[in-house]
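I opened a fresh page for this structure today. My plan is to go through charged pairs, the metal site, helix packing and a few single residues.

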Amino acid sequence: MLTRLALAAALFALPALAAPDTIPAEPPVPLPKPVEEQAPVEAEQAAPAEVPVPVEKPEEAPADVEPEADNTAEEPPAEMQGPPKPPAPPPPPPAPPVEKEDEEAYRACIGALKTMGVTFKELPRIDDGVGCGIDKPIAATTLSSDVTVEPELTARCETVLQLARMTRDFVEPAAGLGLAGLGALKTVRQASGYVCRKRNSAEEGKISEHARGNAVDIAGLDFEKGSVAMVIAKPEDSDLASAFQRALNAFACLYFSTVLSPGSDATHQDHMHLDVMERRGGYRYCR
Ligand SMILES: [Zn+2]
């Protein structure tokens with residue numbers, strides 16, 4: 001009896017022991033189901049992501065068109081012209097800013113003009129862009145108490161000062177020798193002071209010194225009893241007027257770093273170009 005009771009107790013005990021194990025095992029079963037349900041949802045969401053795939057097909061379509069394009073005879077020559085094309089020219093360098101005037105040098109220049117009796121007025125800064133302009137421009141109407149400059153000359157002070165010095169030191173006394181009979185010098189006739197343009201008025205190339213206020217063109221001289229124009233004076237010309245012109249051409253190089261005398265090139269036939277452009281090492285260009 002005891003063994004039967006023990007067996008019976010064991011039989012009851014087995015389900016009781018097994019039951020706790022099986023019961024918790026069952027709940028996880030439903031859990032995986034929602035996971036599996038979500039998976040299909042993701043699959044559906046992924047489906048729209050695959051929709052763009054047809055969009056890629058149109059890209060393949062043009063690829064199919066290309067062979068047709070090759071059939072057109074005009075296309076290959078266009079590709080043949082590709083290689084011979086020269087490289088695109090580099091963009092032009094940016095225009096330099098208007099050069100700042102040294103305040104101390106400017107004041108010294110203004111003082112020198114006043115001492116010489118030059119009549120002038122100081123103008124507001126000029127900046128016409130593309131590198132054209134003068135930081136401290138002046139407009140002069142005379143070069144001394146006796147000699148005018150016409151028309152009014154707008155330039156840097158340094159340009160006006162050198163012209164006034166050359167007129168006082170050379171033009172007036174030399175004219176008394178070489179152009180005797182015309183009387184005293186009355187007017188230096190200028191053809192160009194400040195103007196925004198390229199060298200020789202060209203479309204391309206470097207900017208003119210006129211565009212920086214460094215240059216003045218002299219067209220002629222007016223005396224009490226007549227006028228003389230700037231003329232081409234050849235070495236073999238044996239008259240006094242030619243001797244005066246040749247002397248002026250040479251003398252100007254002591255005052256200006258660039259002198260282009262009449263006849264020095266195609267664009268300087270009837271006037272004299274003078275400028276105070278600073279070159280490395282004090283180099284001067286006088287022709
Ligand atoms: Zn000039």
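I count a salt bridge when a side-chain nitrogen of Lys or Arg lies within 4 Å of a carboxyl oxygen of Asp or Glu. The model is predicted.

**Entry 1: salt bridges**

I began with the charged pairs. Side chains of opposite charge can pair when their charged atoms come close. I found that the structure holds 12 salt bridges.

I looked at Arg168 and Asp169. They form a salt bridge, and their closest N and O atoms are 2.8 Å apart. Arg168 is partly exposed, at 44% relative accessibility. Asp169 is partly exposed too, with a relative accessible area of 34%.

Next I took Arg189 and Asp222. This pair also forms a salt bridge, with 2.4 Å between the closest N and O atoms. Arg189 sits in strand 6 (residues 185–192) and Asp222 in strand 7 (residues 215–223), so the salt bridge ties together parts that are 33 residues apart in sequence. Are the two partners buried or exposed? I noted Arg189 as partly exposed, at 33% relative accessibility. Asp222 is buried, at 14%; the cut-off for buried is under 20%.

Then I checked Glu103 and Arg107. Their salt bridge has its closest N and O atoms 3.5 Å apart. Both residues are in helix 5 (residues 103–116); they are four residues apart, so about one helical turn separates them. Glu103 is partly exposed, with a relative accessible area of 39%. For Arg107, also partly exposed, I wrote down 44%.

I also noted a network of salt bridges. It links Lys100, Arg125, Asp127 and Asp135.

**Entry 2: the zinc site**

Which residues hold the zinc ion? I read the donors as His210 through NE2, Asp217 through OD, listed twice, and His273 through ND1. The distances run from 2.0 to 2.8 Å. In sequence, the donor residues follow the spacing H-x6-D-x55-H.

I then asked why the arrangement counts as irregular. The four donor atoms subtend angles of 51 to 154° around the zinc ion. A tetrahedral site would need all angles between 85 and 135 degrees. I also looked up the burial of two of these residues: His210 and Asp217 are both buried.

**Entry 3: helix 5 against helix 6**

I went back to helix 5 for its packing. Helix 5 and helix 6 (residues 157–178) pack at an angle of about 35°. Their axes are 10 Å apart. The crossing of helix 5 and helix 6 is left-handed.

I listed the contact residues next. Helix 5 contributes Tyr106, Cys109, Ile110, Ala112, Leu113 and Met116. From helix 6 come Cys157, Glu158, Val160, Leu161, Ala164, Arg165 and Arg168. I had already met Arg168 as the salt-bridge partner of Asp169.

**Entry 4: two single residues**

Where is Ala180? I found it in the loop between helix 6 and strand 6. Ala180 is exposed, at 58% relative accessibility. I checked its separation from Leu240, 60 residues away along the chain: the C-alpha atoms are separated by 9.2 Å.

My last stop was Ser242, in helix 7 (residues 240–252). Ser242 is buried, with a relative accessible area of 8%. What does Ser242 touch, leaving aside its neighbours within four places in sequence? I noted contacts with Ala233 and Asp237.

Note on methods: Residues are numbered from 1 along each chain as its sequence is written. This is a predicted model: local features need pLDDT of at least 70, side-chain atom pairs count only at pLDDT 80 or more; totals for chains, interfaces and linings use all residues. Side-chain values use heavy atoms; hydrogens and water are left out. Donors are N, O and S atoms within 2.8 Å of the metal (3.2 Å for Na, K and Ca); water is not among the atoms, so sites may look incomplete. Four donors count as tetrahedral if all angles lie between 85 and 135 degrees; four count as square planar and six as octahedral if opposite donors are over 155 degrees apart and all others between 65 and 115; anything else is irregular. Buried means under 20% relative accessible area, exposed over 50%, partly exposed in between (1.4 Å probe, protein chains only). Helices (H or I, at least four residues) and strands (E, at least two) are DSSP runs, numbered from the N terminus. Axes are lines fitted to C-alpha atoms, for helices over the stretch in contact, and angles run from 0 to 180 degrees between N-to-C directions. A crossing is left-handed if the near helix is turned anticlockwise from the far one by less than a right angle, and right-handed if clockwise. Contact means heavy atoms within 4.5 Å.
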